[in-house]
Amino acid sequence: MKKIILILVLFLLLSSCRIPESIMAEYDSNPFLDRKEIRVENPTLIFFTDAHIGRERNKNDVIRYDENFLSFIEEGGYEVVISGGDMADDGEMTDVLKDFITKVQSKTALYLETKGNHDRHPYNYQGFDMPSFLLNSLFKADVHLTYADLMESEYEIDSTGNYLVHTPNGDISIYILDNSLRSFSYRQLSWFEEALAKDNTDFKIVVTHGNIVTGGAFDQSLFLTGMGDEGEVSKFMEICQKGRISLILSGHHHKGNILYGDGNGYTEFNAAAYHRTDSVFESRGWWYTLSVDREKKEITIEGYDAESKSKKDSWKIVAKL
């Protein structure tokens, strides 16, 4: 147990050395103003997070039900799929990961993906032991181009920006933000606020990887997950309230399935991980559908068990129309 805690502390110290402003360094102008539009016939969206493809190489209890997920998309005729990040476990673009994304894209009209902290890992894991952690994180052994870098430069799946989805049940404005370094950065929040001031869409949804609110369950969320700056969290919430954001979707926590708020104020749904492990602190494998109802002024989230493809839970949120 002491070894695990030490690894976690070292990881947090190392990750804090990254300069959060670098998140948006590649953008010369506000990406949220360059809105991309698409019209779909199926009004229901799919959300999943924390696939951690590659984790099975180092942990023998990891299971992903990829075929179930792909058939679920196809059978339901879903046209929009959104990933909450951490697609890569150790930040490497593998053939397995590339194949999975390609298959999802082939079945959808729009695939969106935010970046997760694991997507930025520049080194391979050799195991979950202290020598391996020190070798790879401190001494930079087995360094590779990160999945996050390749998303931008080669595979054109970097989705940071704003997307307007026209559905039969109403338009949905989806903002994909990057807080993979436990910060949004001043520039990103300023650009986000600027775009929201010009957005009159009824349904507005934000997708981030890291959960903003934490402590909703008596587990690791009490001290390990969430943002690194309380002032930035407060500013983000203020922007969301002023911009009438109905829902924030986040991941990172893994066990998830926590709803903070009901739509009247700041409302965030922290989703469970797509991959399954045996740990009581982890997920049993989930994905979700999201549907909007303008007449009832609500958003419905339905959670599905990955192994059985059956609906296991649902949450309803008052929409800020």
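**Ser-159, strand 5 and the salt bridges**

Q: Which residues does Ser-159 touch, if you skip those up to four places away in sequence?
A: Contact here means heavy atoms within 4.5 Å. Not counting residues up to four places away in sequence, Ser-159 touches Tyr-111, Leu-112, Glu-113 and Ile-176.

Q: What kind of model is this?
A: Residues are numbered from 1 along each chain as its sequence is written, and side-chain values use heavy atoms, with hydrogens and water left out. Local features need pLDDT of at least 70, side-chain atom pairs count only at pLDDT 80 or more, and totals for chains, interfaces and linings use all residues; the model is predicted.

Q: Where is Ser-159 found?
A: Helices (H or I, at least four residues) and strands (E, at least two) are DSSP runs, numbered from the N terminus. By that scheme, Ser-159 sits in the loop between helix 5 (147-153) and strand 5 (161-167).

Q: Is Ser-159 buried or exposed?
A: Buried means under 20% relative accessible area, exposed over 50%, and partly exposed in between (1.4 Å probe, protein chains only). Ser-159 comes in at 3% relative accessibility, so it counts as buried.

Q: How far is the backbone nitrogen of Glu-113 from a polar atom of the Ser-159 side chain?
A: Glu-113 is one of the residues that Ser-159 touches. From the backbone nitrogen of Glu-113 to a polar atom of the Ser-159 side chain is 2.9 Å.

Q: How many residues of strand 5 are buried?
A: On one side, Gly-161, Tyr-163, Val-165 and Thr-167 are buried, and on the other, so are Asn-162, Leu-164 and His-166. Both faces of strand 5 are thus covered. The tally of buried residues in strand 5 is 7 of 7.

Q: Which strand forms a hairpin with strand 5?
A: Two strands pair if DSSP finds at least two bridges between them. Strand 1 (residues 36-39) pairs with strand 5 in the parallel sense over 4 bridges, with Lys-36 bridged to Tyr-163. An antiparallel pairing over 7 bridges joins strand 5 to strand 6, where Val-165 has Ile-172 as its partner. With 2 residues in between, the hairpin partner of strand 5 is strand 6.

Q: How many salt bridges does a search of the whole structure find?
A: A salt bridge is a side-chain nitrogen of Lys or Arg within 4 Å of a carboxyl oxygen of Asp or Glu. Glu-56, Arg-64 and Asp-66 are linked in a network of them. For the whole structure, the number of salt bridges found is 19.

Q: How many residues apart are Glu-75 and Lys-309?
A: Their side chains meet in a salt bridge at 3.4 Å, N to O. Glu-75 is in helix 2 (residues 66-76) and Lys-309 in the loop between strand 12 (298-305) and strand 13 (311-318), so the pair links distant parts of the chain, with a separation in residues of 234.

Q: Are Asp-178 and Arg-120 buried or exposed?
A: The two side chains form a salt bridge at 2.8 Å, N to O. Asp-178 lies in the loop between strand 6 (170-176) and helix 6 (186-196) and Arg-120 in the loop between strand 4 (110-113) and helix 4 (130-138), so the pair ties together parts 58 residues apart in sequence. Asp-178 and Arg-120 are both buried.

Q: Which helix holds both Lys-235 and Glu-238?
A: Their side chains meet in a salt bridge at 4.0 Å, N to O. They are 3 residues apart, about one turn of the helix, and that helix is helix 7.

Notes
A polar contact is a pair of N or O atoms within 3.5 Å; within protein, one must be able to donate a hydrogen and the other to accept it, and residues adjacent in sequence count only if both atoms are side-chain atoms.
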